[in-house]
Structure formats: structure tokens, C-alpha cells
Amino acid sequence: MLPTTFIIFGITGDLAGKKVLPAILNLYVNKQLPSKFAIVGFSRRHFDREEFRELIRDHMEIKMGQYREEDVKHFIDHIYYEQGFFDKPESYKNLALRLKKIDDGFNSCSNKLFHLSIPPTLNEGILENLSVSGLTIPCGGNGGWTRVLIEKPFGYDIETAKKLDKKLGQLFNESQIFRIDHYLAKEALQNILAFRFSNSLFEPLWNRNHIEKVHIKLFEKNGVDNRGSTYDHIGALRDVGQNHLLQMLSLVTMERPKNFNSNSLRKERARVFQVLKLNNKKTVMNNVVRAQYEGYKNEFGVRQHTHTETYFRLQTYIDNLRWKNVPFYLESGKALAESKTEIDIYFKNINKDNEENGQNVLTFRIQPDEGIKIRFLVKSPGFGMNVEPKNLKFKYADSKSFLVIPDAYERVLHDAIIGDQTLFASTDEVIYSWKYITSIISNWSSVPLGIYKRGSVDVI
Ligand code: BG6
């Protein structure tokens with residue numbers, strides 16, 4: 001494999017420290033990276049090499065003792081820093097010189113992976129500068145590639161999403177663009193498709209005749225931490241609704257793809273978004289709840305009179321034969337009682353005298369404690385004929401061969417290096433999902449903003 005250089009815009013930011021750098025370190029330790037690789041951080045602040053190495057060491061959120069000290073040291077030896085300004089063409093010239101030097105050291109032209117780990121408002125300017133500076137043209141003719149990895153949200157509503165998409169299309173080939181939704185790369189999420197399409201037990205029941213409703217939850221215990229200033233301009237629906245929750249919905253509801261390659265899978269996911277029932281003022285008023293946690297306004301970087309939601313719950317419908325009239329509830333919030341992501345599939349209740357607990361419920365636990373649970377009814381021992389619910393459970397942690405689950409960002413970076421776009425969002429997915437979300441956002445003002453206490457279980 002050719003040497004690979006990661007260029008991280010915003011290396012001093014939260015995402016780089018929490019997810020991106022630890023993921024590259026893990027890939028390195030597990031020998032999943034090309035033997036020759038380099039990481040170049042590009043950011044505004046000034047550091048000398050030593051200061052930067054110290055910063056990276058502190059910045060990476062890795063647990064003490066998780067790695068051998070010499071591995072961490074060697075890893076950090078691969079990291080370089082280029083001080084520059086995202087909007088100054090001159091800075092990109094300096095970056096090009098730096099990359100050339102690294103390539104000279106490799107004695108070959110390296111593959112280049114540009115990762116935009118920055119607030120979304122900066123995306124367009126950086127992409128434009130990358131393209132204009134010629135940095136995204138592979139240096140080795142046919143050998144080597146250049147790819148861009150972009151973080152969500154891709155746009156702010158349907159119009160800005162279209163604009164960004166058009167710009168991307170002008171600057172790069174689709175095969176160079178990797179739009180990250182790291183939820184797609186979560187192991188327990190990919191398992192949904194394997195589970196659905198490999199078990200004849202469930203697929204025949206997977207439709208409106210047998211399923212009453214589906215509830216998809218992404219709950220977080222933490223508040224906005226130190227992301228207040230970025231988050232406040234985005235809010236929960238754009239931050240996780242337009243992407244993570246809708247992607248979970250797509251995996252639960254899509255038709256069986258022709259095969260499991262990138263093209264077929266992305267097409268089927270997009271098809272779900274295409275038939276989501278759009279909202280109007282009345283449906284938004286009836287089907288959407290939004291709220292903010294108490295004290296959010298005092299978080300660092302948050303505007304004082306903000307109306308940004310940190311929680312939402314919405315009811316949505318898929319307008320096709322399989323799912324007509326089945327309600328799907330999507331719910332997410334910060335500063336809730338616990339952190340958990342799970343999907344509950346409620347089958348229709350055929351136990352008329354057990355209305356509350358008579359349903360079969362299949363739960364995909366995405367995190368933590370990845371697994372699957374099925375609630376079913378059994379006869380209570382004794383002389384009568386009463387039934388009561390019990391659970392069948394599978395936990396990844398209980399299976400020796402399932403103990404090591406790759407982190408989503410490891411998978412994202414690994415797949416970007418090998419050029420597999422399956423777990424990245426396509427243009428169609430982005431556009432159709434924004435079309436649906438915009439039908440809510442443009443009627444947001446009809447929904448009062450509730451306030452909930454930190455650590456709430458039932459928000460509203
Ligand atoms: C990110 C959101 O995409 O996903 C964050 O911007 C959220 O607000 C995070 O906290 C959740 O990801 P995970 O993998 O920690 O569940």
C-alpha cells in the first residue's frame with residue numbers, strides 16, 4: 001500500500017482529540033495502517049514542534065495504560081503541525097510545501113486524506129481553497145489518491161445542503177467525497193441489516209401487518225460540554241436527527257438491497273428518506289416536541305436568549321406499502337438521565353386481556369452494552385392459563401469472539417483509506433433527509449420550546 005498522509009483541519013478541536021486521533025492510534029497499534037504514514041494538523045494557533053507534541057498527548061482522550069508508552073511515542077512521532085488560516089490561500093501553499101517534504105521523506109507520492117474536523121460553517125471555504133490550491137490533485141499521476149472526509153451536518157436546511165452539494169460536485173469527483181455519519185459505522189447498527197436479512201424468523205413479519213410502532217432513541221447524559229457555541233447554531237434535530245436517527249430508521253425499514261455493496265445499500269437507504277411523509281404546520285404541531293435543558297443558557301458559548309432545542313421527539317411516517325400508517329418515533333436529547341441508544345420494535349398485541357405487557361418487543365441495543373433483546377410471553381406456572389412477559393437476551397460482551405468491537409471512527413478512517421463508501425452518506429441521502437427535516441424546521445415556530453431538568457427521564 002502507498003504511504004498515506006492524514007491532513008486534519010481543526011486538529012486542536014474536540015472531535016479530533018476525542019475520536020479521530022485515538023482512532024488513528026488504534027489503527028496504528030492494530031497494524032491496520034500503511035507502514036508509512038503521517039498526520040499533519042492544520043490550525044490557526046502557533047506551536048513549536050515540542051509544544052504541539054505535548055498538546056497532542058494531552059488532547060487525545062485515551063485511557064492511561066491502554067497502550068504501551070513506546071507505541072504512543074512512535075505514533076506521536078508521525079504527527080506534524082502546520083500553522084495556517086483556513087481562509088488564506090497562502091496557508092495552503094505552505095501546507096503543500098509541508099506535504100511535499102513529507103512525500104520526499106517517504107520517497108514516494110503519498111495518498112492524501114483531508115479530514116475536515118471543524119464547525120460546518122467553515123466547510124465550503126476550506127473545500128474551495130483545497131481545490132483551488134491543487135492540493136486535491138493526486139501527486140503521482142495514476143498512483144495515489146486524494147479524498148476528503150467531511151463531518152455532518154452537511155448544510156443547515158435543504159437549500160444550504162443543495163448549495164454545499166453542488167459546490168462539492170464542482171470541486172471533486174463523487175469517489176473522492178466521504179460524508180461521515182459515524183453512526184453508520186457502528187457495529188451494532190450494521191448488525192441490524194445482518195439480523196433482518198439472515199433470520200427467516202423476523203423478515204416475514206417486518207411490515208405494517210405485524211408491527212405496531214417503532215421507537216428510536218439516542219439519549220445522552222452529558223450536556224453540550226464545551227461545544228456550546230457551535231451547538232447553539234445547530235440544535236438537536238440538525239445535530240443528530242437529520243443524520244444518526246434517520247440512518248437508524250433507514251436500516252430498520254429499508255427493502256432488501258440487491259446486494260451489500262456500496263451502490264445498492266446507499267440507494268436503499270436514500271429510498272427510505274425519499275418516501276418520508278413531509279410535514280406541514282399542523283402535523284408539526286401535533287407530532288413534534290422540542291425542549292431545552294435547564295441551565296443550557298449558562299453553558300459556555302451559548303447565546304443568552306437562545307431558543308435552540310437540546311431535545312426533540314417526533315412521530316414520522318413512511319409512505320410506502322410496507323410501512324403505511326406505522327408510526328416511527330425518533331427521540332433524542334442531551335442532559336438526560338442516562339446515555340443509551342436503542343431501537344424498540346413493537347409487534348402488534350394479540351393478547352387482548354394483557355394490554356400493557358402483551359406485546360412482543362424486539363430491542364436493538366446500539367450502545368452501551370450492545371446486544372439484542374426479545375420480549376415474549378410465557379405461561380405463568382400454575383393451574384390457570386395466564387401469561388407474563390420474559391426476555392431472551394444476547395449481549396456482545398457475553399460472546400468471546402465478539403469482545404473486540406471496532407470503534408466507529410476506526411471503521412470510518414479504515415474504509416476511507418480503502419475507498420469503500422458503503423458507510424458514508426450519498427448525495428441522495430443528504431438531499432432527501434434534509435428535505436424531510438426542513439419540512440419540520442420551517443414550521444418549528446409553531447411548537448413551544450419546553451424546559452426540562454438535567455437528568456430527566458421523561459422530558460415532556
Ligand atoms: C455527534 C453529535 O455526531 O454524535 C454529538 O454531534 C453527539 O452531539 C455524538 O454527542 C454522539 O455520538 P456517540 O458515538 O458518542 O453516540
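This report walks through a predicted model, from its sheet to its ligand site and a few unusual backbone spots.

## The open sheet

A good place to begin is the sheet. Seven strands build it, it is open, and the strand order reads E3-E2-E1-E4-E5-E6-E15 with mixed pairing. The edges are held by strand E3 (79-83) and strand E15 (424-425); each has a single partner strand, so one side of each is left without a neighbour in the sheet. As general background, strands in a sheet pair through backbone hydrogen bonds, and the pairing can be parallel or antiparallel.

One pair within this sheet is worth a look. Strands E5 and E6 (residues 177-180) run parallel and are joined by four bridges. If you would like to find a particular rung, go to isoleucine 150, whose bridge partner in E6 is arginine 179.

## Threonine 146 in strand E5

While you are at strand E5, stop at threonine 146, which belongs to that strand. Is threonine 146 buried or exposed? Its relative accessible area is 4%, and because anything under 20% counts as buried, threonine 146 is buried.

The side chain of threonine 146 has two polar partners to look at. At 2.3 Å it reaches the backbone oxygen of threonine 136, and a polar contact of 3.0 Å links it with the side chain of glutamine 176. Leaving aside residues up to four places away in sequence, threonine 146 touches Lys112, Phe114, Leu135, Thr136, Ile137, Pro138 and Gln176.

## Helix H5 and its cover

Next comes helix H5, which spans residues 123-132. Which residues of this helix are buried? They are Asn123, Ile126, Leu127, Asn129, Leu130 and Ser131. A general point helps in reading such a list: an α-helix has 3.6 residues a turn, so residues three or four places apart point the same way.

Several elements take part in covering the buried residues of H5. Among them are three strands, E1 (4-9), E4 (111-116) and E5 (146-151), along with helix H4 (89-106) and helix H6 (158-171). Just after H5, glycine 134 adopts a positive phi of about 80°.

## The ligand site

Now turn to the ligand. Around it you will find Lys19, Lys152, His182, Tyr183, Lys186, Glu220, Arg227, Asp239, His244, Lys334 and Gln367. Sorted by class, this shell has seven charged residues, three polar ones and one nonpolar one.

Some of these residues bring polar atoms close to oxygen atoms of the ligand. For tyrosine 183, an N or O atom of the side chain is 2.5 Å from a ligand oxygen. For aspartate 239, the corresponding distance is 2.6 Å, and for lysine 19 a polar side-chain atom lies 3.2 Å from a ligand oxygen. On its own the ligand has 400 Å² of accessible area, and the protein covers 80% of that.

## Two cis peptide bonds

Two residues of the ligand's surroundings, Lys152 and Gln367, also turn up in another feature of the backbone. Lysine 152 is joined to proline 153 by a cis peptide bond with omega of about -5°; proline 153 sits in the loop between E5 and H6. Glutamine 367 is joined to proline 368 by a cis peptide bond too, here with omega of about -20°. Proline 368 is placed in the loop between strand E12 (361-367) and strand E13 (371-379).

## Loop residues to look up

The loop between E12 and E13 also holds aspartate 369, which has a positive phi near 55° although it is not a glycine. With 47% relative accessibility, aspartate 369 counts as partly exposed. Asparagine 107, in the loop between H4 and E4, is another residue other than glycine with a positive phi, near 65°. Where does asparagine 107 stand in accessibility? At 72% it counts as exposed, because the cut-off for that class is over 50%.

A last stop is glycine 301, in the loop between strand E8 (288-293) and strand E9 (311-316). Glycine 301 is partly exposed, at 37% relative accessibility. Apart from residues up to four places away in sequence, it touches Gly228 and Ser229. Its C-alpha atom is 33 Å from that of alanine 416, a residue 115 places away along the chain.

Definitions and conventions
Residues are numbered from 1 along each chain as its sequence is written. This is a predicted model: local features need pLDDT of at least 70, side-chain atom pairs count only at pLDDT 80 or more; totals for chains, interfaces and linings use all residues. Side-chain values use heavy atoms; hydrogens and water are left out. Buried means under 20% relative accessible area, exposed over 50%, partly exposed in between (1.4 Å probe, protein chains only). Contact means heavy atoms within 4.5 Å. A residue is near a molecule or strand if one of its heavy atoms lies within 4 Å of it. A polar contact is a pair of N or O atoms within 3.5 Å; within protein, one must be able to donate a hydrogen and the other to accept it, and residues adjacent in sequence count only if both atoms are side-chain atoms. Accessible areas come from the Shrake-Rupley method with a 1.4 Å probe; for residues, only the protein chains shown count as cover. Ala, Val, Leu, Ile, Met, Phe, Trp, Tyr, Cys and Pro count as nonpolar, Asp, Glu, Lys and Arg as charged, and the others, Gly among them, as polar. Two strands pair if DSSP finds at least two bridges between them.
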